[in-house]
Each structure stands twice: as C-alpha cells, then as structure tokens.
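Student: I would like to work through this structure by question and answer. Could we proceed residue by residue?

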Amino acid sequence: MSADEIDVVIIGGGAAGLMCAATAGYRGRRVCLLEHANKVGKKILMSGGGRCNFTNLDVQPGNYISNNKHFCKSALSRYTSENFIELVERYGVAYHEKEKGQLFCNNKSKDIVNILLEECHHAGVSINTQCKVVGCEKDETGGTDGRFLVETEQGAHRCQSLVVATGGLSIPTMGATGFGYELAKQFGLLCTETAPSLVPYTLHGSWLDIAKSLAGVAMPVTVSCGRYSFFDSLLFTHRGLSGPSILQISNYWNYGEEVTIDFLPSQNIKALLHQWKREKSRAELKNALSKFLPKRFAEKWVSLAASLGVSNKPVNQYSDKEIEALVEHIHHFTLVPSGTEGYRTAEVTRGGVDTDGICSKTMMAKRVDGLYFIGEVLDVTGWLGGFNFQWAWASGYCAGLYV
C-alpha cells in the first residue's frame, strides 16, 4: 500500500495531542495529527462551563492518582503551570483565578483551542479531522524497518514515531472510545482497570427520594472516603449527589465503599447545642440550624433524625444522648452510593495504560521504540481544578521533545 512518509503521526486532537504536535513541529519534525471527530479540542471547548479551567497555580504530584505515584513527577517539573500561563499571556488571552488556584479564561474555551491551533500552524503541523484510524502496525518491509504504518479512511501514513493521544472513555458523546487501550494491548503493553472518575454519585431507594426532595440545594461540606477528604460544595440532584466535593472524592472511591459527609464543617453542632442550652433558647432545632444550613436541608435533616429517636423540639431540651446522636447525624453521616453516573458525565477516566511500561522522561513505551502515550490514555488522573489539563500539556510537551 502506498503511504505518505512522515516523521510523526499523532492520533488524537485533544489537549495532549495538540501540545505534542506543536512542540515536535517546532523542532523541525514533519507532524501529522489525526482526529476522528469533525474538529479538534472538543473536550477543551466544553470544559469549565465553556471557559476552560486550563491549569492550576499550585500543581503537585500529590494532585494525581496512578499505580505509580512517581511517574508524573518528571513531566510536571519540566513543563509547569507557569510555562502554560506564559503561552496564554503571549497570545493576550485574558484569564482569572476563580478559587483554589484554578485559572479560567475570561472569555471562552475557544481561546485555548485557538492558541494551540496557531502554535500548530506556525510549527507546520498537518491536521486531519474526520479521519478515523483503521489500523496500526510496525512496518518491517521496504527498507523502513522500525517505522509504523498507520492506515486511515483517508489514506495511509508511514512514520518513525507514533503518538497515542486518544484520551479515555469519559463523555462518549464527545467521541471517546477505548481505541488507545486497544492499541496499547496490540503492542504488548498492559492497562490498569479503568473507571469513570470526577463523576457524580447515584443513589437508590429512600436515599434517592431524599436527594430528589433536596434537588438544587448546594452547601459547603467535607466529604471523606478512606484517608482522603475534600472540603467543597455538595449539590443534591434528581439522581443523587454532585458538586466539586463529590467529584473530587470519586477519584478515590470504589464501588461498595462507604462515604462520610460532614454537613456542617465550619461549626461544631455539639458546642452549639450546649451553648443554646446554657442560653435557654427555645428556638426549634430546624430553625436554629437554618442559620447555618440551607433551610430546606435543615428541615429535611431534622425530620430524618426522628429515626435516631431525636425529634424536632426547642434546642434547650436536648439530652446529652440526643446531642451525641445529632453529632453523628450532621458531622459523620455515612452512606454507600449505589454507583456513579458513569462515563456519560465523568470528566476523566481513572486508570489506563500502565505507566510501568512507559518512560517517564520521554513518554515512549519501554519495549516498543517510537511508540508514545500521552494525556488521559495513561494511568494518570488529576484532581478537579485544572490538574488534568496540566498533565495533558506536560506529557504532550515532553513527548514532543523526543518524537
């Protein structure tokens, strides 16, 4: 089969693929980027409510999950958030810090995509959209030993370096598939178990009824699972629980595990109740709590306390035993989610190509010369807050230096 001769083929036109393409192109490499969707950067465009949380001011290896917790260190240290911020500022794109170091575009996510496209244009990168890859193999014929033959519906390419930047399984309506994992296995690499992550919880039975009755109520909480805890907003939905705190803890949650929620992390309900008793307050508990909690939630949670033998009454009438029950009910509430909303709404995929088979400096497969994996397809998952984009920029940049 006749094939175009090229230095680098990159499969996937997301954040990591575009960054890798531009970096390699500026090195003088002939780069062809293949994207099966009708345009590149779709996940960038929809991220951050359309404003793209493109990085975080405080990126640390501890913000990432992987079977090899050290793997991400090299790339993150060599391409930092400051490096990407400098690129954004060079193009005059206005941005702001929302909270906790999270940087968003002032205008639209398209500004970030346009930066990457301009970089690719200046670097001479060829971008082919609506280009589905139908096969990849090591080409051992015609004097091109060690090259890859990449066949697409638009034609074939023969290249020295093949970069897999296909992302994970999250948000299949955006075109996500398991193609990158299939390629990895084809070339003898291992993959860790994958799961939807940064994803809302679903509930069932009476807990689902409660969530539905509180749908739309948001409040700051501390959510814990195992030894991990996050303080952020929780949102009740018609399907269960969402909000940043829930998305964050989902990174560390496995099916069947218990989750603990402190619904009043800024106060001590035990101290408050004893104070109200000393003051001889006759305010009913649900009304007293409404000063600190959303009214709908306070009313519902006090009514649920009846199952603990604690009824709604003036706060100066509670016994020490009832106070201890309320402490557990409000500060240490536990439940086991029935599941998550799955890849349909998950922001990322946890797990992926096993990093033990990848060089952390170059992103190249240790046993397959010229084959690289970058971005979400790898078993590296970041927290909510710009960390996954920073991993995409860093891993794409580092691979771009070596392809």
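**Salt bridges and buried residues**

Tutor: The model is a predicted one. Let us begin with E324, which is partly exposed because its relative accessibility is 38%.

Student: With which residue does E324 form a salt bridge?

Tutor: The closest N and O atoms of the pair are 2.9 Å apart, and a separation within 4 Å qualifies as a salt bridge. E324 belongs to helix α12 (residues 320–331) and its partner to helix α9 (residues 269–278), so the pair ties together parts that are 54 residues apart in sequence. The partner is also partly exposed, because its relative accessibility is 35%. The residue is K270.

Student: How many residues apart in sequence are the parts tied together by R239 and E341?

Tutor: The side chains of R239 and E341 form a salt bridge with an N to O distance of 2.9 Å. R239 sits in the loop between β14 (228–236) and β15 (240–242), and E341 in the loop between β18 (339–340) and β19, so the bridge ties together parts whose separation in sequence, in residues, is 102.

Student: Is E341 buried or exposed?

Tutor: Its partner R239 has a relative accessible area of 45% and is therefore partly exposed. The relative accessible area of E341 is 11%, and the limit for a buried residue is under 20%. E341 is therefore buried.

Student: Which residue forms a salt bridge with E322?

Tutor: The closest N and O atoms of this pair lie 3.1 Å apart. E322 is buried, and its partner is buried as well. The partner is K313.

Student: Which residues are joined into one network by salt bridges that share partners?

Tutor: The count of salt bridges in the model comes to 11. Those that share partners join three names into one network: E5, R147 and R158.

Student: Which side chain of opposite charge is nearest to E35?

Tutor: E35 lies in the loop between β2 (31–34) and α2 (42–46). E35 is buried but has no salt bridge. The nearest side chain of opposite charge is 7.1 Å away, whereas a salt bridge requires a distance within 4 Å. That side chain belongs to K42.

Student: Which residue has its backbone nitrogen 2.9 Å from a polar atom of the E35 side chain?

Tutor: Beyond four places in sequence, E35 touches several residues, including G12, N128 and C131. The backbone nitrogen in question, 2.9 Å from a polar atom of the E35 side chain, is that of A37.

Student: Which residues of α6 are exposed?

Tutor: In α6, the buried residues include G180, Y181, L183 and A184. They cover an arc of only 160° around the axis, which means that they lie on the same side of α6. This buried set packs against β1 (4–11), β8 (133–139), β10 (155–164), β19 (348–350) and β20 (371–373). On the other side of α6, the exposed residues are E182 and K185.

Student: What is the relative accessibility of A184?

Tutor: A184 is part of helix α6 (residues 179–186). Beyond four places in sequence, A184 is in contact with L189, C191, V353 and F373. A184 counts as buried because its relative accessibility is 0%.

Student: How many residues does the largest nonpolar core have?

Tutor: In soluble globular proteins, nonpolar side chains tend to be buried together. Among the residues with the most contacts inside the largest nonpolar core are L189, F373 and W393. F373 touches A184, L189 and V353, among others. The number of residues in the largest nonpolar core is 78.

Student: How many residues does the second, separate core have?

Tutor: This core includes L203, C225, A325 and L335. Two of these names, C225 and L335, are also among the residues that E257 touches. The second core has a residue count of 47.

Student: What distance separates the C-alpha atoms of E257 and S338?

Tutor: E257 is in the loop between α8 (244–250) and β16 (259–262), and is partly exposed because its relative accessibility is 30%. A polar atom of its side chain lies 3.0 Å from the backbone nitrogen of N254. E257 and S338 are 81 residues apart along the chain, and their C-alpha atoms are separated by 9.6 Å.

How values were computed: Residues are numbered from 1 along each chain as its sequence is written. This is a predicted model: local features need pLDDT of at least 70, side-chain atom pairs count only at pLDDT 80 or more; totals for chains, interfaces and linings use all residues. Side-chain values use heavy atoms; hydrogens and water are left out. Helices (H or I, at least four residues) and strands (E, at least two) are DSSP runs, numbered from the N terminus. Buried means under 20% relative accessible area, exposed over 50%, partly exposed in between (1.4 Å probe, protein chains only). Lys and Arg count as positive and Asp and Glu as negative; His and the chain ends are not counted. A polar contact is a pair of N or O atoms within 3.5 Å; within protein, one must be able to donate a hydrogen and the other to accept it, and residues adjacent in sequence count only if both atoms are side-chain atoms. Contact means heavy atoms within 4.5 Å. A nonpolar core is a set of buried Ala, Val, Leu, Ile, Met, Phe, Trp, Tyr and Cys residues joined through side-chain atoms within 4.5 Å. The arc is that of the directions from the helix axis to the C-beta atoms.
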